[in-house]
Amino acid sequence: MKVVVIGAGVVGVTTAYYLAKSGHEVTVVDRESEVATLASAGNAGLIAAGHSFAWASPSAPGELLRSLTVEDTALRVNPFKAPGMAIWGAKFLRECNAERAEKNTLVKLRLAQYSQRMLDQIAADERIDYDDIHEGLLYLYRDPKRFEAGIKKMKLVQDHGQKQDVLDPDGVVEAEPYFAPVKHKIAGAIYGVTDSSGDSVKFCRQVQAACERMGSKFVLGNGVTRLSARGGKVQSVTLDDGGSLTADLFVLSAGVHSPKIARSVGVRLPIAPAKGYSATFPIKGNGGMKLRIGCVDEELLVAWCRIGDRLRVTSSAEFTGYETTYNEHDLRLIRKLTQDLLPDAAEYDQGVYRACNRPMTPDGPPILGQAGPDNLYINSGHGHMGFTMACGSSRIVADLIDGKKPEIPVEGLTLTSRP
Ligand SMILES: Cc1cc2nc3c(=O)[nH]c(=O)nc-3n(C[C@H](O)[C@H](O)[C@H](O)COP(=O)(O)OP(=O)(O)OC[C@H]3O[C@@H](n4cnc5c(N)ncnc54)[C@H](O)[C@@H]3O)c2cc1C
């Protein structure tokens with residue numbers, strides 16, 4: 001079958017990979033001139049099934065409300081900059097109870113665990129080196145009370161197959177000797193033993209190369225303005241340059257821009273942009289001692305990992321519309337974290353910065369499968385965990401297209417199986 005995949009982020013390229021592998025003639029189209037340039041370029045690089053918790057939780061409304069008046073919250077909303085958020089916001093609030101939060105977390109966890117296996121398989125089959133580190137991840141706490149609460153919270157994912165250890169400050173230093181000088185600032189950590197990290201851009205570029213070896217084409221630097229449907233089927237996509245692409249089937253993986261494209265054929269996708277900030281610094285030599293393990297500071301919600309000889313640090317989730325601007329003030333959580341816990345890890349005067357938008361669904365899991373016209377499939381809305389969940393999602397979408405039963409249940413992932 002001829003398939004057009006719209007979007008060449010980590011979700012689009014892995015979709016193309018599985019479709020090409022099963023014999024389809026694939027064309028990937030992206031407005032940017034290279035693959036993985038938006039969210040897939042700025043992420044923290046964590047493959048963090050252990051961090052599958054849905055953002056829509058009983059505490060989220062309070063945190064968002066607080067963000068209107070105080071500056072220190074990691075989750076923020078600006079109603080003046082994101083006026084179109086009313087329907088999405090109402091759906092998000094409906095998910096903010098304990099029962100829905102648990103259900104959504106478990107849907108994400110199942111997908112993330114499956115996806116990590118698929119990622120490892122692609123990397124092994126295609127011999128992809130993406131500066132991956134398979135030493136687990138640390139979820140760090142500074143305050144003993146929050147640490148206690150974190151231990152209780154993490155039990156949910158542990159009860160569903162996620163191997164995690166509880167570490168006191170000595171255990172943290174044993175796992176990551178780099179923290180020895182700041183041990184007194186750490187209350188403890190949950191160590192996600194099977195979590196990992198790596199460079200999403202490097203991964204995407206090598207998956208692109210694998211697709212090209214299988215005959216797939218990448219049309220880059222030319223965006224899709226709309227889909228055209230007739231007789232219940234998408235016939236073609238119209239491109240920025242006025243040209244068009246026809247195919248038997250279309251997969252929409254355009255991240256935060258998927259809803260606009262879907263609307264051209266009457267499909268409504270509840271995906272909203274949540275802006276985050278990303279900084280990359282050259283690692284300092286420090287006598288040969290290098291950071292080994294990726295981490296999340298559970299209080300500042302700042303995440304980081306070593307990517308080769310660079311340190312990637314990301315922060316914040318702001319519902320402020322589609323813009324991707326940033327200023328020095330926006331980087332304050334990254335600055336605070338690096339000063340507090342990693343003061344000597346990197347050349348902080350040589351930072352490269354960006355802001356990018358996570359494609360968030362109100363409930364948390366991405367949207368997978370057919371929607372609207374018979375030959376339109378969606379693979380979008382991976383939120384804060386797209387690197388972690390992409391390979392599994394793409395394998396599921398390819399299986400659905402081929403009429404095969406996906407290897408894990410799709411309940412809670414398709415548009416029709418969620419409330
Ligand atoms: C600060 C930050 C930190 C993160 N940290 C992590 C992490 O540690 N681990 C993790 O698993 N996830 C993380 N994420 C989330 C992850 O990066 C995203 O979920 C993931 O990259 C989404 O991939 P995507 O392919 O759907 O979207 P994108 O990477 O945004 O790709 C979408 C593509 O579609 C293209 N496109 C858009 N509109 C059009 C159009 N009209 N025509 C053609 N092409 C179009 C774009 O150019 C783009 O290339 C983080 C995200 C952010 C912002």
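Here are some exercises on this predicted model, each with a worked solution.

**Exercise 1: the whole chain**

Work out how many helices and strands the protein chain has, and how its radius of gyration fits its length.

*Solution.* Start with the secondary structure: the protein chain comes to 11 helices and 20 strands. Next, take the radius of gyration, which is 21 Å. The globule rule gives 22 Å for 419 residues, and the two values are close, so the chain is as compact as a globular protein of that length. Now look at the extent: along its principal axes, the C-alpha trace spans about 65 × 45 × 40 Å. For the inside, 51% of the 419 residues count as buried. Finally, take the contacts with a separation of 6 or more: residues 24 or more positions apart account for 77% of them.

**Exercise 2: around the ligand**

Find out which residues come nearest to the ligand, and which elements each supply at least two residues of the shell.

*Solution.* There are 43 residues around the ligand, and Gly7, Gly9, Gly255, Gly276 and Gly386 come nearest. Then go through the elements. The helices that each supply at least two shell residues are α1 (10–21), α2 (39–42) and α11 (386–401). The strands that do so are β2 (25–30), β14 (272–282) and β18 (352–360). Last, sort the shell by class: 18 residues are nonpolar, 21 are polar and four are charged.

**Exercise 3: two helices that meet**

Describe how α1 and α11 pack, and say whether their crossing is left-handed or right-handed.

*Solution.* First the geometry: the axes of α1 and α11 are 8 Å apart, and the helices pack at an angle of about 35°. The crossing is right-handed. On the α1 side, the contact is made by Val10, Val11, Thr14, Thr15, Tyr17, Tyr18 and Leu19. From α11 come ten or so names to look up, including Gly386, Phe387, Ala390, Cys391 and Arg395. By class, the contact has 11 nonpolar, five polar and one charged residues.

**Exercise 4: positive phi without glycine**

Locate Ala36 and Ser316, and decide whether each is buried or exposed.

*Solution.* Take Ala36 to begin with. Ala36 has a positive phi of about 50° although it is not a glycine, and it lies in the loop between β2 and α2. A residue counts as buried if 20 or more other C-beta atoms lie within 10 Å of its own. Ala36 has 26 within that distance, so it is buried. Now Ser316, which is not a glycine either and has a positive phi of about 70°. Ser316 sits in strand β17 (residues 310–319). Ser316 has 23 C-beta neighbours inside 10 Å, so it counts as buried too.

**Exercise 5: Cys356 and Gly50**

Place Cys356 and Gly50 in the fold, and list what each one touches, leaving out residues up to four places away in sequence.

*Solution.* Cys356 is found in strand β18. Cys356 has 22 other C-beta atoms within 10 Å, so it is buried. With those sequence neighbours left out, Cys356 touches Leu38, Ala39, Gly42, Gly276, Ser278 and Thr324.

Gly50 lies in the loop between β3 (46–47) and α3 (60–66). Gly50 is buried, because 27 other C-beta atoms lie within 10 Å. With the same kind of neighbours left out, Gly50 touches Leu137, Val157, Gln162, Gln164, Gly192 and Asp195. For a distance, try Gly50 and Ala112: they are 62 residues apart in sequence and 8.6 Å apart in space, C-alpha to C-alpha.

Technical notes:
Residues numbered from 1 in each chain as written. Predicted model: local features only at pLDDT ≥ 70, side-chain atom pairs only at ≥ 80, totals over all residues. Near = placed C-beta within 6 Å. Nonpolar A, V, L, I, M, F, W, Y, C, P; charged D, E, K, R; others polar. Axes fitted to C-alpha atoms, helices over the stretch in contact; angles between N-to-C directions. Left-handed = near helix turned anticlockwise from the far one by under 90°. Contact = placed C-beta atoms within 7 Å. Rg over C-alpha atoms; globule rule 2.2 N^0.38 Å. Buried ≥ 20, exposed ≤ 12 C-beta atoms within 10 Å, placed from the backbone.
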